[in-house]
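Me: Please take a close look at one helix in this protein and at how it packs against its neighbours. I would like the geometry and the residues involved.

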Amino acid sequence: MPLNNTQFSLSLELTRLQPLQFLSDNIGNATVNLLRSFQNSGSDVLAENDLAELFKFHQIDENMAKIFEEAVVRPQRPIWTSFRPLLERVWLDNRPGPTFMRALKQQDYFPMVIECSFLAWIHERRSLATAFKRFFEKDLEDAPPETLAANPKEENIVGIIKACEDQTAAFSWEGYLRAASADLHLSAGQILSPLPPVVFRSALRMLPTVQSLYRQRTMVITCSKGDGVCAMIVWAHHILGINVLTNTYIDDPDSIENTGPRQSVLFGKSLEPAQVILNLEKRCSIPSV
């Protein structure tokens, strides 16, 4: 029996739908594989989106971005093993993980990865996640009731920090911290001292402002040498390209009072104004809230 026009049209449309179904399956598989890769790395896609929003207005210094990317993105290298009868050679797969690769493809994620990589270098992972969590909670408190503000779980934030730390482990921040301390005569413990939580949260909000309005806005911090001075210098100057001015006293190291002349050290371009000023006092109490 010959096909009529209606039967022929229906058959033609069904054949056209088959590739669409195949494409849909492929997209579904790709999404599942992407989510699984993030889960395996300890991170979380939605929480990464929330955290990336905090950093998306931070403009990373171009030279630092290049150095960081080149250090992390390295080709696979063969490692020869002594067990030749069992295995001719073993390849160490040191390719970047999904969080870092996402940052290379979507530039809004790059500031989060490089800054979390650094912050995890000097802060304990859990305390850093707690500081981020408090930042989200404060935004949630200040948001209008009808606003669906981001508020990721602290465990998910810990996973993101771990992913950034693990996937960028090829890059060392120690040299930058020691360089920042060279002119400030800091002890080994002061070089690696973390930022107080209140300073961290303030910097997270204010650094992009002083960066974009550098002639109209200045961030002034009064602290002691053990309050994450090197951390702030590396974060603001080396990573974000912001001019940082430190003011400290040259006096008797055994004295608890601020005596003697003040010494100023500028990290940045001498012809540009300082956007972050660190006044280093011997006796200074910063609230830990």
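Reply: What follows deals mainly with helix 6 and its contacts with two other helices, with a shorter part on helix 8.

The model is a predicted one. The protein has eleven helices and six strands. Of its 289 residues, 37% count as buried. Among contacts between residues at least 6 apart in sequence, 74% join residues at least 24 apart.

Helix 6 spans residues 125-142, and one of its partners is helix 7, residues 154-167. The two axes come within 9 Å and cross at roughly 125°. Angles from 65 to 115 degrees count as roughly perpendicular and those over 145 as roughly antiparallel, so helix 6 is oblique to helix 7. The crossing of helix 6 with helix 7 is right-handed. On the side of helix 6, the contact is made by Arg125, Arg126, Leu128, Ala129, Thr130, Phe132, Lys133 and Phe136. Helix 7 contributes Glu154, Glu155, Ile157, Val158, Ile161, Lys162 and Glu165. Sorted by class, this contact holds seven nonpolar, one polar and seven charged residues.

Another partner of helix 6 is helix 10, residues 197-212. Here the axes come within 10 Å, with a crossing angle of roughly 60°. Angles under 35 degrees count as roughly parallel and those from 65 as roughly perpendicular, so helix 6 is oblique to helix 10. Helix 6 passes helix 10 in a right-handed crossing. Leu128, Ala131, Phe132, Arg134, Phe135 and Asp139 of helix 6 meet Phe200, Arg201, Leu204 and Arg205 of helix 10. By class, the contact with helix 10 comprises six nonpolar, no polar and four charged residues. Leu128 and Phe132 of helix 6 take part in the contact with helix 7 and also in the contact with helix 10.

The spacing of contact residues can be read against helix geometry. An α-helix has 3.6 residues a turn, so residues three or four places apart point the same way. In helix 6, Leu128, Phe132 and Phe136 belong to the contact with helix 7, while Ala131 and Phe135 belong to the contact with helix 10.

Helix 8, residues 174-181, can be described by its burial. Leu177, Ala180 and Ser181 are buried there. Seen down the axis of helix 8, these buried residues fall within an arc of 100°, so they line one face of the helix. Their cover includes helix 5 (110-122), helix 9 (188-191), helix 11 (229-239) and strand 5 (262-267).

Methods. Residues numbered from 1 in each chain as written. Predicted model: local features only at pLDDT ≥ 70, side-chain atom pairs only at ≥ 80, totals over all residues. Heavy atoms only, no water. Buried < 20%, exposed > 50% of the residue type's maximum accessible area, 1.4 Å probe, protein only. Helix = DSSP H or I, 4+ residues; strand = E, 2+ residues; numbered from the N terminus. Arc of directions from axis to C-beta. Contact = heavy atoms within 4.5 Å. Axes fitted to C-alpha atoms, helices over the stretch in contact; angles between N-to-C directions. Left-handed = near helix turned anticlockwise from the far one by under 90°. Nonpolar A, V, L, I, M, F, W, Y, C, P; charged D, E, K, R; others polar.
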